[in-house]
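User: Please take a close look at the aromatic ring pairs, and set them beside a strand and a single side chain for context. Keep to what can be computed from the coordinates.

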Amino acid sequence: GGKDRRSGLILTIPLCLEQTSMDELSVTLDYLLSIPSDKCKARGFTVIVDGRKSQWNVVKTVVLMLQATEVSLVCVVKPDEFWDKKVTHFCFWKEKDRLGFEVILVSANKLTRYIEPCQLTEDFGGTLTYDHMDWLNKRLVFEKFTKESTSLLDELALINNGSDKGTQQERERSIDLNFLPSVDPETVLQTGHELLSELQQRRFNGSDGGVSWSPMDDELLAQPQVMKLLDSLREQYTRYQEVCRQRSKRTQLEEIQQKVMQVVNWLEGPGSEQLRTQWGIGDSIRASQALQQKHEEIESQHSEWFAVYVELNQQIAALLNAGDEEDLVELKALQQQLSDVCYRQASQLEFRQNLLQAALEFHSVAQDLSQQLDGLLGMLCVDVAPADGASIQQTLKLLEEKLKSVDLGLQGLREKGQSLLDQISNQASWAYGKDVTIENKENVDHIQGVMEDMQLRKQRCEDMVDVRRLKMLQMVQLFKCEEDAAQAVEWLSELLDALLKTHIRLGDDAQETKVLLEKHRKFVDVAQSTYDYGRQLLQATVVLCQSLRCTSRSSGDTLPRLNRVWKQFTVTSEERVHRLETAVAFHLSAEKILQECPEQPEAFNEMEQFDEIEAVGKSLLDRLTVPVVYPDGSEQYFGSPSDMASAAEHIREKMKLVSLKKQQLRQPEATTPES
């Protein structure tokens with residue numbers, strides 16, 4: 001970095017005690033002397049050969065190497081006491097003309113006579129700050145950058161120039177052959193910017209010691225070179241990026257075209273062929289499910305291509321947004337073609353899926369209806385043997401519910417079938433380029449056949465339900481008649497029991513007894529109507545049993561019970577009537593005698609009347625103590641003994657009055673009965 005008094009550059013060659021390779025030294029000198037510019041070279045170089053640690057013959061060889069160069073002065077720094085004798089044998093100053101420069105042997109402390117101290121480093125007693133390793137590192141970076149950038153510029157120029165001329169195929173072929181540079185342009189640009197920044201920074205910053213110093217001439221020279229290379233690189237790299245972008249866009253467009261054709265060819269080829277082979281709807285749930293599974297496999301294959309379609313559509317949309325007019329028409333045409341094919345195929349898949357789903361629902365409803373009909377038929381085939389009318393009503397209700405469920409099922413089957421037929425009729429528009437009339441006819445015949453078969457089965461079941469309903473209603477009526485007949489027997493038994501337990505009184509006089517007799521006749525009329533009602537019910541059960549072809553379970557039991565109770569009631573009623581009639585006669589006779597005036601004794605001339613009244617009263621009292629004897633030999637008393645005693649007490653009192661009256665008539669002089 002130092003300069004001599006002529007502003008020439010100073011080159012320092014430090015020699016050491018170790019063996020020095022002259023070849024390497026020669027190459028190094030040539031390199032270092034080639035670095036400065038021609039202007040600097042014209043001013044000449046001052047070379048300082050530091051021979052203080054070297055041998056004389058090495059120093060001499062080095063000096064001789066400098067001839068035929070731009071060197072104007074060589075300062076050989078000698079040891080203090082060693083070379084005096086050697087110098088006498090070779091005087092450089094005598095060889096000045098032959099060497100082309102002046103050679104001075106000088107001690108280190110006297111070197112300042114020829115060069116200013118500020119241009120010398122500390123090794124020679126100067127103040128110039130210099131870091132050789134720093135210079136060397138930067139020089140290596142500069143050399144590497146220069147080499148890489150020059151090579152990269154050539155490559156980029158070749159690529160860019162090749163893309164600007166010739167036909168489209170020639171440009172593409174040129175780009176293909178030289179498309180990738182040998183080094184990364186970004187890396188080279190970054191290296192150049194870092195180097196330029198470092199070179200420019202040295203112009204303003206001082207050293208670590210704080211002493212500012214100017215950059216070396218080679219560094220000043222390197223800055224415009226680096227800047228020029230960077231400008232050229234940026235220009236060529238920008239063109240290169242545009243070439244790459246165009247190439248990438250063209251490659252992407254070609255890839256999109258290729259993928260679009262792959263999707264279109266598959267959907268219109270194997271994809272459509274798969275759908276053409278699938279036309280049936282199956283004849284059962286299992287068959288429809290198998291067809292659905294096959295269709296899902298077809299959909300799975302299509303979904304892979306649809307995923308490619310979505311990706312391609314996104315890529316095309318991105319390219320359309322980029323806005324290159326020359327590609328817009330082609331891209332829109334590709335997008336439209338791809339969308340038309342994919343949407344058409346997706347619609348066909350959806351139609352097929354909906355058709356199979358409708359077929360599955362139809363067969364499912366048909367199977368459920370068939371099971372309902374089987375259950376109803378099984379219920380109708382089992383003979384009815386209910387325990388009572390309530391169970392028959394429950395069975396009848398269940399039968400009606402099943403029939404209603406069958407009606408609803410058949411209605412649902414018709415709706416599903418009609419919907420499926422409508423879809424099949426629309427299949428002509430999705431025929432996949434194939435005549436599906438024959439296949440549709442088979443499907444239509446199958447659907448209509450299923451619905452007609454279900455209708456016939458339902459009609460047969462309805463006929464059987466009508467017969468079963470009539471039979472069950474008759475059975476309900478039969479059980480009702482039997483229950484009512486049994487109830488009539490119970491009512492008649494209750495009337496008999498009431499007759500025996502509560503119809504005891506005979507009346508205190510003739511009028512009261514007549515009232516009791518009239519009430520008894522009405523009571524008997526109620527019993528008679530109850531008996532007649534029971535008989536009619538039992539006759540109805542006989543008719544219903546004949547109609548149902550079954551033996552009545554109660555007619556053989558209820559009818560004898562009814563007759564037996566009625567016989568008992570009749571006997572008891574007759575006994576009650578007889579007692580009341582006897583009591584009426586007794587009270588009338590007794591009251592007649594007791595009401596006669598005592599001043600008319602001629603009315604009682606015949607004492608037989610008193611005897612007759614007494615006989616009737618005794619007969620009545622005797623009858624009260626006798627039980628009612630039924631036809632089966634069983635006996636039953638009216639009321640309790642106390643009740644009978646109370647009824648007999650009134651008879652006895654009246655008999656006493658009659659007897660007292662009789663005595664009064666026989667003894668007129670006797671006192672009155674009250675006495």
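Analyst: The ring pairs come first, then a strand and its neighbours, then one arginine.

The model is predicted, so to speak of a local feature here requires pLDDT of at least 70 and a side-chain atom pair counts only at pLDDT 80 or more, while totals for chains, interfaces and linings use all residues. Numbering starts from 1 along each chain as its sequence is written, and side-chain values use heavy atoms, with hydrogens and water left out.

A pair of aromatic rings is described by the distance of the centres and the angle of the planes. Rings of Phe, Tyr and Trp (its six-membered ring) pair if their centres lie within 6.5 Å; planes under 30 degrees apart count as stacked, over 60 as edge-to-face and the rest as tilted. By this rule there are five aromatic pairs. One of them is F523 with F569, a tilted pair with 5.8 Å between centres and 40° between planes. This pair links distant parts of the chain: F523 lies in helix α14 (residues 510–548) and F569 in helix α15 (residues 555–595), 46 residues apart. Helices (H or I, at least four residues) and strands (E, at least two) are DSSP runs, numbered from the N terminus. Both F523 and F569 are buried, where buried means under 20% relative accessible area, exposed over 50% and partly exposed in between (1.4 Å probe, protein chains only).

F569 also pairs with W566: the ring centres are 5.7 Å apart and the planes meet at 15°, so this pair is stacked. W566 and F569 are three residues apart in helix α15, which means a separation of about one helical turn. W566 is buried, like F569. Ring pairs join F523, Y531, W566 and F569 into a cluster.

Next, the strand. In β3 (residues 71–77), six of seven residues are buried, leaving the strand mostly covered. Two strands pair if DSSP finds at least two bridges between them. Strand β2 (residues 45–50) runs parallel to β3, with six bridges joining them. Strand β4 (residues 102–106) also runs parallel to β3, through five bridges. V76 of β3 stands opposite V49, and its bridge partner in β4 is L105.

Last, the arginine. R468 sits in helix α13 (residues 437–502). Its relative accessibility is 11%, so R468 counts as buried. R468 and L380 are 88 residues apart in sequence, yet their C-alpha atoms are 7.2 Å apart in space.
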